[in-house]
Amino acid sequence: MRTPPRYTIDSQESPKAVPVPLKPEDIPSDLICAICMCLPAETPVITSCQHLFCHDCLNKAAKVQYCCPVDRTPFTGELTLRGSLAHRIWRKIPVKCAHHATGCAWTGTVADFSNHIQICARSAR
């Protein structure tokens with residue numbers, strides 16, 4: 001019996017900051033991570049059963065049990081959102097900086113969030 005390939009992500013830490021949607025009520029629930037219930041800061045992954053997760057959240061869950069955390073469907077095939085319609089919609093979601101409460105006035109798209117957080121003057125590095 002062949003062992004299925006493991007879902008792995010590089011060991012790089014995910015950003016500590018989470019993008020804050022400008023209009024949370026406009027975000028489709030299907031684009032929110034089913035584990036942390038946040039808008040993913042990096043390109044999310046989608047399972048073959050069509051559930052969306054942050055890379056880090058799914059990586060941690062897969063270490064416990066190698067199946068979808070929502071419906072327990074075993075992982076099969078590629079887990080990616082890139083190139084899909086959902087990815088194009090996710091990339092355009094308008095967000096503000098996670099440090100807006102401490103004075104950062106930046107707004108942009110979720111696709112630009114990671115770049116901003118690296119240079120944000122309010123971000124602890």
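In this predicted model, the largest nonpolar core has 18 residues, and those with the most contacts inside this core are L39, W90, I93, V95, V110 and F113. Helix α3, which covers residues 110–119, gives the most to this core, with three residues. Apart from this core lies another one, of 11 residues, which includes F53, C54, A62 and C68.

I93 may serve as an example from the largest core. Leaving aside residues up to four places away in sequence, I93 touches I27, L31, L39, G108, T109 and V110.

The second largest pocket holds about 150 Å³ of space. Its lining consists of A41, E42, T43, R82, W90, R91, V110, A111, S114 and N115. Two elements, α2 (85–91) and α3, give two or more residues to this lining. Which element gives the largest share of the lining of the second largest pocket? That share, four residues, comes from α3. The table below sorts the lining by class.

| Class of lining residue, second largest pocket | Number |
|---|---|
| Nonpolar | four residues |
| Polar | three residues |
| Charged | three residues |

W90 and V110 line this pocket, and both are also among the residues with the most contacts inside the largest nonpolar core.

A further residue to consider is A105, in the loop between β4 (94–96) and β5 (107–109). Is A105 buried or exposed? A105 counts as exposed because its relative accessibility is 72%, and the term exposed applies over 50%. The C-alpha atoms of A105 and C120 are separated by 10.0 Å, and these two residues are 15 residues apart along the chain.

Notes
Residues numbered from 1 in each chain as written. Predicted model: local features only at pLDDT ≥ 70, side-chain atom pairs only at ≥ 80, totals over all residues. Heavy atoms only, no water. Core = buried A, V, L, I, M, F, W, Y, C linked by side-chain atoms within 4.5 Å. Buried < 20%, exposed > 50% of the residue type's maximum accessible area, 1.4 Å probe, protein only. Contact = heavy atoms within 4.5 Å. 1 Å grid on protein atoms, 1.4 Å probe; cavity = no way out; pocket = protein on both sides within 12 Å on 5 of 7 lines; lining within 4 Å. Points joined across faces, edges and corners; volume = space filled by probe spheres on them. Nonpolar A, V, L, I, M, F, W, Y, C, P; charged D, E, K, R; others polar.
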